[in-house]
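Thanks, everyone. I'll take a few minutes on the ligand site and then on one helix. Please have a look at the slide.

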Amino acid sequence: MIKTDILIIGAGPTGLFTVFEAGLLKLKCHLIDALPQPGGQCAEIYPKKPIYDIPGYPEVLAGDLVDNLMKQIEPFEPTFTLGERAQTIEKLDDGTFIVTTNRGTKHHAPIVAIAGGLGSFEPRKPPIQNLANYEDKGVEYIIRDPEIYRDKRVVIAGGGDSALDWSIFLTDVASEVTLVHRRTEFRGALDSVEKVQELKNLGKINLITPAEITAIHGENHVTGVEVTKKGEESFTLETDHFIPLFGLAPKLGPIADWGLEIEKNAIKVDNTLDYQTNIPGIYAIGDVNTYPGKLKLILCGFHEATLMCQSAYQRIYPDKKFVLKYTTVSGINGFDGSRKEAPKAVVKAIN
Ligand SMILES: Cc1cc2nc3c(=O)[nH]c(=O)nc-3n(C[C@H](O)[C@H](O)[C@H](O)COP(=O)(O)OP(=O)(O)OC[C@H]3O[C@@H](n4cnc5c(N)ncnc54)[C@H](O)[C@@H]3O)c2cc1C
């Protein structure tokens, strides 16, 4: 059981900044995210795009913003459950919560902050019969640990950056890499497309286009896939793994069944006070919430996270009085023993 003060569901910019604001109040945070890396939409959808409306940054790449947030929260030693989706929530008699993921990891906290954005990113699955039967038996939609493909034969399907980049990466790991795409054109970074072309010419990537995987073979594990090329008869390709990389689509998912008030696929919160939901102790911040005048912007998520943390502090310590302190005055006391502070004024005579 992972125990923490604030359990944050979603490690997008809002969830990450929550760790900082909670840290100032000496509250510890643990984050769960369905994606294998932190950063939410910024990391998953547009890491190389510049953002122009983050206060104090005339221009910042979305990926760099995530890196900076990670650096900013480092002193507060956040912990993560990545690549797992928060599935169920249970309220205990003492008002605390247990959140369990789809992989059975349990988390216990007095406060739950849902910073789930547009929802949990779920893989887009190709329409292949019995596909679900092979999940985790040779079919994977997200590559969590490339080592499982060492000396194995892999077939990757897709035409975007993920399919290109993983095909390139796995040539050094797998015994055989085949990339199948329904078009001859790929949509990705130019250097990735050129690298795949080069690896194809060297015989390190077996490229099959325009083609689709139309069936999977194997009893208890994938042993092969059926490849159908446009206008040709299909054929069986032996493989140990089939990895369809068709992108990820967000879904509010299991959170929608937690008894929270939902409006237009978002969680209703009290924006006059602290972004708490209809269940005391559960807050919703960032893109995932709704209230009159709501704007789905990163800076709004940061603001909501800040107010939410003050309320969470009062809930955990009802007898303590909260005093707002500027970081310029109080500095930052990291949980790792680090301290950052502005140079102190001195009293010294000038002769
Ligand atoms: C192309 C594009 C450009 C944009 N440009 C700008 C811009 O210029 N300026 C701006 O302010 N905003 C911009 N945005 C919007 C901005 O990215 C969002 O407002 C911001 O990402 C919201 O942050 P968040 O942390 O609330 O949610 P997200 O970034 O969506 O993160 C939520 C995280 O929660 C996880 N999650 C959800 N449910 C679960 C669950 N059940 N279990 C585990 N994990 C879960 C998801 O996997 C995700 O990683 C842009 C968005 C896009 C798509």
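How many nonpolar, polar and charged residues does the shell around the ligand have? By class, there are 14 nonpolar, 10 polar and six charged residues. Keep in mind that this is a predicted model.

In total, 30 residues surround the ligand. The closest are Asp33, Gln41, Tyr46, Ala86 and Asp287.

Now the individual contacts. For Asp33, a polar side-chain atom sits 2.7 Å from an oxygen atom of the ligand. Ala34 comes in through its backbone: an N or O atom there is 3.0 Å from a nitrogen atom of the ligand. Ile298 also uses a backbone N or O atom, at 2.9 Å from a ligand oxygen atom. As for coverage, the ligand on its own has 1000 Å² of accessible area, and the protein covers 87% of that.

Which elements give two or more residues to this shell? They are α1 (13-24), β3 (29-33), α2 (40-44) and β11 (120-123).

I'll stay with α1. The helix has 12 residues, and from its first C-alpha to its last it reaches 17 Å, close to the 16 Å expected at 1.5 Å a residue.

Is α1 enclosed or open? Of its 12 residues, 11 are buried, so α1 is largely enclosed by the rest of the structure. The buried ones are Pro13, Thr14, Gly15, Leu16, Phe17, Thr18, Val19, Phe20, Glu21, Ala22 and Gly23. After α1 comes Lys26, which has a positive phi, near 65°.

That's what I have on the site and the helix.

Terms used
Residues numbered from 1 in each chain as written. Predicted model: local features only at pLDDT ≥ 70, side-chain atom pairs only at ≥ 80, totals over all residues. Heavy atoms only, no water. Near = heavy atom within 4 Å. Polar contact = N/O pair within 3.5 Å; in protein donor to acceptor, adjacent residues only side chain to side chain. Areas by Shrake-Rupley, 256 points an atom, 1.4 Å probe, with all protein chains shown as cover. Helix = DSSP H or I, 4+ residues; strand = E, 2+ residues; numbered from the N terminus. Nonpolar A, V, L, I, M, F, W, Y, C, P; charged D, E, K, R; others polar. Expected span 1.5 Å × (residues − 1). Buried < 20%, exposed > 50% of the residue type's maximum accessible area, 1.4 Å probe, protein only.
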